[in-house]
Amino acid sequence: MTTTTTPVFATGLEGVIACATRLSDVDGINGKLVFAGFNAVDLAEQKTIEEVWFLLHNGHLPDAGELAAFKAKVELLGRPSTKEIRLMKSLRAGEPLSAFRSILSAIASNRGYKPWLNRDVAEVEHELLSLSALAPAIVEVIHTGRTPVKKPANSGYAERYLWGVLGHKPDDAARQAVETYLILTMDHGLNASTFAGRVCASTGADVGAAITAAVGTLSGPLHGGAPGPVLDMLDAIGTPEAAKGWVAAQLAGKRRIMGFGHRVYRTEDPRARTLRKVSERQNGPRIALALAVEKEVLAALDAHQQKKAGEGKSIRALRVNVEFWTAVALEHAGIPRQLYSSTFCTSRIIGWSEHIREQLKDNKLFRPLSHYSGPSVSDLS
Ligand SMILES: CC(C)(COP(=O)(O)OP(=O)(O)OC[C@H]1O[C@@H](n2cnc3c(N)ncnc32)[C@H](O)[C@@H]1OP(=O)(O)O)[C@@H](O)C(=O)NCCC(=O)NCCS
């Protein structure tokens, strides 16, 4: 018997559940984020990237032996070959996120990664892990134009990333701040980039193509691209006293304030709260301005939304999101703003890879419907 269901029309697929995942759960009403059964904020404050990566990869936290073996594997896979370093150098010109996308795609192609359908799953999973492990070295070559400096074999993923960007061993506070950020942003349900990666993988495509599709979505400021513009905004505001007037002018001009609003969170983004604490601990030169701007923006957005509600328009709660406090924490750690989106890639590539693994283990081609809104059919004659 054929069953038919009435299609649901949801612009932007808002409110639609498109796949199941064991990786993360975003509770937008209560402002909670869970990674594989653990509170993501607790993990970010108490664990290393490799521990959380192992958790997403295997479904449980590692014991000491498992962690040592996983760390060593990621470190080894994170060393590009001489030929790959040459390739990275040849493609590093231009905007860093675009360079990251091109390099990743070129490496996967040079390694001969093939469509995953009908292939040995373990082999495809190894390709995913290999690409993810390479991310810090890719960012380092994009930033410096040089062969990655040799780091101690026991350095962690976050330390290697920051070392590559700063050009020296990072101090513990900066490493810790960046590690917290990288863990918090490792995965986040079916966000735009993860969805793009899963859609691409659902066709049986090679994993290089699927990850490249995910990276492509980050070039817009609505997903992952806001931290750089947040710093531009702080620069433009300049002083805490100027915040109120600046924000009012933006809203009057119907412009969006970067680092605020979220598709899923209706309360404070828990990642923003943690990174605010990180930024306060760093106590860098931006902190007073950032706190003042956050306060003014929240008050102005609230007033703006109340006014809209009074006019009978539908509204949603607009709170600070992860990208506002990412900007401050990463700047205080010494990372230049043009690298923020590619830094995000070094964390989210782990989530993308794990989602792609899930996709290929229980694959169903993504193929939603569209509602035809064109003219009615005319006779050609
Ligand atoms: C993230 C974002 C795209 C989520 O949007 P969404 O939940 O899909 O909501 P919409 O884009 O449909 O916007 C809904 C309304 O809220 C307003 N709005 C949303 N975010 C806003 C912001 N940051 N500043 C001002 N107004 C905002 C929109 O203008 C829109 O108003 P309208 O109904 O009068 O047109 C949106 O909040 C945004 O653009 N934020 C700024 C960019 C940013 O920080 N990105 C990083 C996200 S982690």
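A salt bridge is counted where a side-chain nitrogen of Lys or Arg lies within 4 Å of a carboxyl oxygen of Asp or Glu. Arginine 357 and glutamate 354 form such a salt bridge, with their closest N and O atoms 2.5 Å apart. The model discussed here is predicted.

**Salt bridges**

The structure holds 27 salt bridges. In the pair just named, arginine 357 and glutamate 354 are 3 residues apart in helix H16, so about one helical turn separates them. Arginine 357 and glutamate 354 are both buried.

Helix H16 also takes part in a second salt bridge, in which the side chain of glutamate 358 meets that of arginine 198 at 3.0 Å, N to O. This pair links distant parts of the chain: arginine 198 belongs to helix H9 (residues 192-201) and glutamate 358 to helix H16 (residues 340-361), 160 residues apart. Buried means under 20% relative accessible area. Arginine 198 is buried because its relative accessible area is 3%, and glutamate 358 is buried at 17%.

A further salt bridge joins the side chains of lysine 277 and glutamate 45, at 3.3 Å from N to O. Here too the pair links distant parts of the chain, with lysine 277 in helix H13 (residues 270-282), glutamate 45 in helix H1 (residues 40-46), and their positions 232 residues apart. Lysine 277 is partly exposed, with a relative accessible area of 41%. Glutamate 45 is likewise partly exposed, at 36%.

Salt bridges also link Asp232, Asp235, Arg286, Glu331 and Arg337 in a network.

**Ligand surroundings**

There are 17 residues around the ligand, and those that come nearest are Arg256, Ile257, Phe260, Lys308 and Arg316. The shell is made up of 8 nonpolar, 4 polar and 5 charged residues. Three contacts between N or O atoms of the protein and atoms of the ligand are set out below.

| Residue | Protein atom | Ligand atom | Distance |
|---|---|---|---|
| Isoleucine 257 | backbone N or O | nitrogen | 2.7 Å |
| Glycine 259 | backbone N or O | oxygen | 2.8 Å |
| Lysine 308 | side-chain N or O | oxygen | 2.7 Å |

On its own the ligand has 850 Å² of accessible area, of which the protein covers 74%.

**The sheet**

An open sheet of 3 strands is arranged in the order E1-E2-E3, and its pairing is antiparallel. Strand E1 (24-27) and strand E3 (38-39) are the edge strands; each has a single partner strand, so one side of each has no neighbour in the sheet.

E1 and E2 run antiparallel and are joined by 4 bridges. Within E2, phenylalanine 35 stands opposite serine 24. The hairpin of E1 and E2 has 4 residues between the strands, and in this hairpin glycine 31 takes a positive phi near 65°. Strand E2 (residues 32-35) also pairs with E3 in the antiparallel sense, over 2 bridges. Asparagine 39 in E3 is the bridge partner of valine 34.

Side chains alternate along E1. Ser24 and Val26 point to one face and are buried, whereas Asp25 and Asp27 point to the other face and are not buried.

Terms used
Residues numbered from 1 in each chain as written. Predicted model: local features only at pLDDT ≥ 70, side-chain atom pairs only at ≥ 80, totals over all residues. Heavy atoms only, no water. Near = heavy atom within 4 Å. Polar contact = N/O pair within 3.5 Å; in protein donor to acceptor, adjacent residues only side chain to side chain. Areas by Shrake-Rupley, 256 points an atom, 1.4 Å probe, with all protein chains shown as cover. Nonpolar A, V, L, I, M, F, W, Y, C, P; charged D, E, K, R; others polar. Buried < 20%, exposed > 50% of the residue type's maximum accessible area, 1.4 Å probe, protein only. Pairing = 2+ DSSP bridges.
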